Amino acid sequence: MHIPTERSPRPAIDASVSLAMTAGAHLDAIATGYVSTSVPFVAEGGAAIAASLQFEYETATERADAALGIFEIEAKNAQIAYGKYALSGSIAETVSRFGASARLYDLTIVSQGEPDGETFDNRLPQELLLQVGGPVLFIPYTFRGAFKASRIGICWDGNRLAARALRDAMPFITKADALTTITLNASEVPADVSPERLVKHLARKGLRAKTISLQSDRGNLQASILSIAADETLDLLIMGGYGHSRLQETVFGGVTREMFRSMTVPVLMSH
């Protein structure tokens with residue numbers, strides 16, 4: 001689990017600790033502090049700039065340690081097995097190190113960046129989706145309280161990433177009380193991976209699912225998904241992340257990028 005240090009750590013802590021309790025899981029928390037001063041500039045700037053860099057590292061580490069202190073109180077109260085680590089460095093170093101370490105875990109939990117913020121903490125969750133090689137559970141920045149996944153929505157368009165997310169989310173899906181498959185513009189989905197075939201596939205596993213199919217403008221896909229989530233009182237959405245390259249997502253919009261900005265329920269994504 002990633003604990004941000006430049007915004008509230010509560011959503012990530014509340015969700016991950018409660019999930020670890022119900023799943024009987026071990027939870028490792030990594031808090032990240034960031035250093036903005038560049039090493040080449042330091043090399044040219046002499047001792048004064050080197051001292052400034054050292055101060056930034058110390059401040060970043062202090063922020064990370066403070067966030068971990070909050071986590072440890074909650075973890076001890078919940079009586080879960082846990083570990084905690086402080087990580088400080090440039091954004092590139094942090095993404096690389098966190099992404100590598102997360103590859104040994106079944107699930108990575110992060111909190112949604114605050115839409116109006118321009119912090120490194122806001123960028124890291126999106127970068128991790130591309131780095132960890134497994135499912136990433138995004139918790140809305142407005143989230144409070146215990147995480148549950150009783151009512152799950154499966155976003156399905158038949159592509160590789162949707163299938164990856166479906167498989168990655170099976171530990172949640174098999175324990176859900178209600179499943180809803182969500183397909184927008186079903187006429188564009190190949191017949192071999194139609195929503196009806198998905199429902200039959202789930203039924204073979206003993207899982208009953210309701211199907212919702214809607215037509216939606218391409219610029220409205222994310223809003224349509226969240227509207228269904230509200231109508232069906234879903235606790236969790238499952239979807240593939242970055243169906244196109246990040247450049248295309250940035251230029252043309254994209255459901256992934258828009259979901260990062262405006263998610264209202266936890267979203268499990270796989271890339």
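Here is a short exchange on how features of this predicted model get their labels.

Reader: What makes up the protein chain, in helices and strands?

Author: The chain has 10 helices and 10 strands. Buried residues make up 48% of its 271 residues.

Reader: Why is the pair of F138 and F260 called tilted?

Author: The structure holds three aromatic pairs. In this one, the ring centres of F138 and F260 are 5.0 Å apart, with 50° between the planes. Rings pair if their centres lie within 6.5 Å, and an angle that is neither under 30 degrees nor over 60 counts as tilted. The 5.0 Å and the 50° meet those limits, so the pair is tilted.

Reader: What makes this pair a tie between parts of the chain?

Author: F138 sits in strand β5 (residues 136-139), while F260 sits in helix α10 (residues 255-262). These parts are 122 residues apart in sequence, so the pair ties them together. Both F138 and F260 are buried.

Reader: Why is the pair of F147 and F172 called edge-to-face?

Author: The planes of F147 and F172 stand at 80°, and the centres are 6.1 Å apart. Edge-to-face needs planes over 60 degrees apart and centres within 6.5 Å. Both values qualify, so the pair is edge-to-face. F147 lies in the loop between β5 and β6 (151-155), and F172 in helix α6 (residues 170-173), 25 residues apart. F147 and F172 are buried.

Reader: How do you know that D235 has no salt bridge?

Author: The nearest side chain of opposite charge is K148, 4.1 Å away from D235. A salt bridge needs the nitrogen within 4 Å of the carboxyl oxygen. The distance of 4.1 Å misses that limit, so D235 has no salt bridge, although D235 is buried.

Reader: Which backbone nitrogen lies 3.0 Å from a polar atom of the D235 side chain?

Author: That of S150. D235 itself lies in the loop between α8 (221-231) and β9 (236-240). Among the residues D235 touches are A149, R151, V265 and P266.

Reader: What makes D168 and R164 a salt bridge?

Author: Their closest N and O atoms are 3.0 Å apart. The limit is 4 Å, so the pair counts as a salt bridge. Both residues lie in helix α5 (residues 160-168), four residues apart, about one turn of the helix. The structure holds eight salt bridges.

Reader: Why is R164 called partly exposed?

Author: Its relative accessibility is 23%. Buried means under 20% and exposed means over 50%. R164, at 23%, falls in between, so R164 is partly exposed.

Reader: How do you know that R197 and D192 meet in a salt bridge?

Author: The N to O distance is 3.9 Å. That is within 4 Å, so R197 and D192 qualify. R197 has a relative accessible area of 48%, so R197 is partly exposed. D192, at 58%, is exposed because the cut-off is 50%.

Reader: What makes K210 and E232 a link between parts of the chain?

Author: K210 and E232 form a salt bridge, with the closest N and O atoms 3.1 Å apart. K210 lies in strand β8 (residues 209-214), and E232 in the loop between α8 and β9. Those parts are 22 residues apart in sequence, so the pair ties them together. K210 is partly exposed at 42%, whereas E232 is buried at 13%. Elsewhere, salt bridges that share partners join R10, D14 and E74 into one network.

Reader: Why is A176 called buried?

Author: A176 has 19% relative accessibility. Buried means under 20%, so A176 is buried. A176 lies in the loop between α6 and β7. Its contacts include A149, S150 and I152.

Reader: What makes β1 and β3 edge strands?

Author: Each pairs on one side only. The open sheet has three strands in the order β1-β2-β3, and the pairing is parallel. Eight bridges join strand β2 (residues 27-34) to β3. In one of them, D28 has G83 of β3 as its bridge partner.

Reader: What is notable about the phi of N185?

Author: Phi of N185 is positive, near 60°, and N185 is not glycine. Most residues other than glycine have a negative phi. N185 lies in the loop between β7 (178-184) and α7 (195-204). N185 has a relative accessible area of 5%, so N185 is buried. T233 also has a positive phi, about 45°, although T233 is not a glycine.

How values were computed
Residues numbered from 1 in each chain as written. Predicted model: local features only at pLDDT ≥ 70, side-chain atom pairs only at ≥ 80, totals over all residues. Heavy atoms only, no water. Phe/Tyr/Trp six-rings, centres within 6.5 Å; stacked < 30°, edge-to-face > 60°. Helix = DSSP H or I, 4+ residues; strand = E, 2+ residues; numbered from the N terminus. Buried < 20%, exposed > 50% of the residue type's maximum accessible area, 1.4 Å probe, protein only. Lys, Arg positive; Asp, Glu negative; His and termini not counted. Polar contact = N/O pair within 3.5 Å; in protein donor to acceptor, adjacent residues only side chain to side chain. Contact = heavy atoms within 4.5 Å. Pairing = 2+ DSSP bridges. Lists of a residue's contacts leave out its neighbours within four places in sequence.
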